[in-house]
Every structure is written in C-alpha cells, then in structure tokens.
Amino acid sequence: MTAVLGYWAIRGLAAPIRYMLEYTKTPYEDKLYTQGDDLSRAEWTDVKSTMDLAFPNLPYFMEGELKITQSNAIIRYIAEKNNLAGNTPAERAVVDMIANELYELRERFTDMCYSKAFEEIKPRHVYHAPAWLQKFDKFLGTKKWICGESITYADFILYEVICQNLAIEPAMFDQCPRLLVLHKQFEELEFMQSYKASSSYNMPFNNKSATFGGKLL
C-alpha cells in the first residue's frame, strides 16, 4: 500500500514527516503543490474541496482508509505505527513535551520568515533564540537522542528546527555543542545519505510569499 503525503513544494511543516517516512521505509507518494509566481495558491485551493478530507488542509496524509490532516496528527500517527513515540508512558510524555516546545520555536521562525519586517525581527530572534536552543542542548546532555539510545519523532522535528536556525545565523549555536552533534549524527543516518541528494530534501524552507527562505538557500 502506497501512502500519499500532500503538501507545498517546500520543506515547511512536512519536512519531519518526510524524514520519518524515509526512515521507516514507508512507500509513499510525495504529492507537491506549487505556489504560483503571482503567489496564487490555486493549485491547492482549486482541488481541496474534492479531496474527501474531513478538514481539508496541507499537509494531508492518506493511507488506505485513513485520511488525516494537521502535521502533528500525521507525525503522531507515523510515530505510533513505527515505535517512534517513546517506549514507556514516561518517555512518551517527554517526547510530547519536547515536540511542543519545538513547535513554539518553529512558529517563531515561520512568523519571522513570512513577515515583511523580517530584517527588523531577525536581530531580535538571533538575540533571544539562543536561550531556547541552549535549553534543548542542556536537556540532551550526554544522551544520543532525546530519549537516549532510541530515536523518537521529537528528534526528527529537532533536526529540522536546527536546520532552520542554522540558516538564519550559525553563531546562535556557539553554546550548543550537543545540538550540533545531534545534527551531524542525524545526517549520518543511513536513509539521509541518499535523501539529502533528493529533490524532496533540496527544497526551500518556505513558500514564495516568504521574505526569507522562499528560495533554495
């Protein structure tokens, strides 16, 4: 059975989902929608009502009779199905906590990138974000992944958040050596060796309407 992941032709919210599908060797079609040069979203909006989705939105994920939207729900489904949500109730709670903290940092990145005042906001982000990043660095400590030796869905999200902020200003990681180690070891995972060379990975972070990251960096 081949699943279908539908999203814009960007990394955006779908990047961790794609990583998880690749890591778990899940057969899937990466259905891409492109924002027009005039910033039109018609390629998606013209068909969204025909998709037989309870809550039409991007990303969406279809596998057999399952048809869901919302990136968090998709990530959780793939994680639960492939033992990437934590091995105990305590681990699952920690993974959920880290994921939710990362969502907040990711939203700040996204809001900044799509703002017309990006150049004004960026210095504030570069000033404040290191404190957030250092909390994740401290939490990792000497652990290989968020929950120790076992990778979980939070690590896939964390990797992408690191990538996003490295693109903004690498110096934000001067006091985050563990995050840089995690970033490196994630890229050394077997699936990433080929996936990094693929068109799915080599897409811009954001859509064309973004002030930053709307083009491949």
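This text leads through a predicted model of one protein chain, from its N-terminal part to its C-terminal part.

We begin with the annotated regions. An unreviewed UniProt entry places the feature "domain: GST N-terminal" at residues 1-86. Over these residues the chain is 28% helix and 23% strand, and the end C-alpha atoms lie 26 Å apart. A second annotation from the unreviewed entry, "domain: GST C-terminal", covers residues 88-205. There the chain is 69% helix and 0% strand, with the end C-alpha atoms 33 Å apart.

The sheet comes next. Strands of a sheet pair through backbone hydrogen bonds, either parallel or antiparallel. Here four strands form an open sheet in the order 2-1-3-4, and the pairing is mixed. Strand 2 (28-33) and strand 4 (66-69) stand at the edges; each has a single partner strand, so one side of each is left without a neighbour in the sheet. On average, neighbouring strands of this sheet are turned by 15 degrees against each other, direction ignored. One pair can be followed in detail: strand 1 (residues 3-8) and strand 3 (residues 60-63) are antiparallel and share three bridges. In this pair, glycine 6 stands opposite tyrosine 60 of strand 3. Helix 3 (residues 71-81) packs on the sheet, where it touches strand 3 and strand 4. The direction of helix 3 makes about 135 degrees with that of strand 4.

Two loops deserve a look at the backbone. Proline 59 sits in the loop between helix 2 (42-45) and strand 3. The peptide bond that leads from leucine 58 to proline 59 is cis, with omega near 5 degrees. Lysine 25 belongs to the loop between helix 1 (15-23) and strand 2. Lysine 25 is not a glycine, yet its phi is positive, at about 55 degrees.

Now to the way helices pack on each other. Two packed helices are described by the angle between their axes and the distance between the axes. For helix 1 and helix 3, the angle is about 15 degrees and the axes are 10 Å apart. An angle under 35 degrees counts as roughly parallel, and helix 1 and helix 3 are therefore roughly parallel to each other. Their crossing is left-handed. Helix 1 brings Pro16, Ile17, Met20 and Leu21 to the contact, while helix 3 brings Ser71, Ile74, Ile75, Ile78 and Ala79. By class, this contact of helix 1 with helix 3 has eight nonpolar residues, one polar and no charged.

In the C-terminal region, helix 4 (residues 89-114) packs against helix 6 (residues 153-168) at about 25 degrees, with the axes 9 Å apart. Helix 4 and helix 6 are therefore roughly parallel to each other, and they cross in the left-handed sense. Among the residues of helix 4 in this contact are Val95, Ile98, Leu102, Arg106 and Phe109. On the side of helix 6, the contact includes Tyr153, Ile157, Leu158, Val161 and Gln164. The residues of the contact of helix 4 with helix 6 divide into 14 nonpolar, two polar and two charged.

How do helix 5 (residues 118-140) and helix 7 (residues 177-187) cross, and within what distance do their axes come? Their axes come within 7 Å and cross at roughly 75 degrees. That angle makes helix 5 roughly perpendicular to helix 7. Helix 5 makes the contact with Leu133, Phe136, Asp137 and Leu140, and helix 7 with Pro177, Arg178, Leu179 and Leu182. In the contact of helix 5 with helix 7, six residues are nonpolar, none is polar and two are charged.

Notes: Residues are numbered from 1 along each chain as its sequence is written. This is a predicted model: local features need pLDDT of at least 70, side-chain atom pairs count only at pLDDT 80 or more; totals for chains, interfaces and linings use all residues. Side-chain values use heavy atoms; hydrogens and water are left out. UniProt positions are given in the numbering used here, feature names are shortened, and annotations may be inferred rather than shown by experiment. Two strands pair if DSSP finds at least two bridges between them. Axes are lines fitted to C-alpha atoms, for helices over the stretch in contact, and angles run from 0 to 180 degrees between N-to-C directions. Contact means heavy atoms within 4.5 Å. Angles under 35 degrees count as roughly parallel, over 145 as roughly antiparallel, 65 to 115 as roughly perpendicular and the rest as oblique. A crossing is left-handed if the near helix is turned anticlockwise from the far one by less than a right angle, and right-handed if clockwise. Ala, Val, Leu, Ile, Met, Phe, Trp, Tyr, Cys and Pro count as nonpolar, Asp, Glu, Lys and Arg as charged, and the others, Gly among them, as polar.
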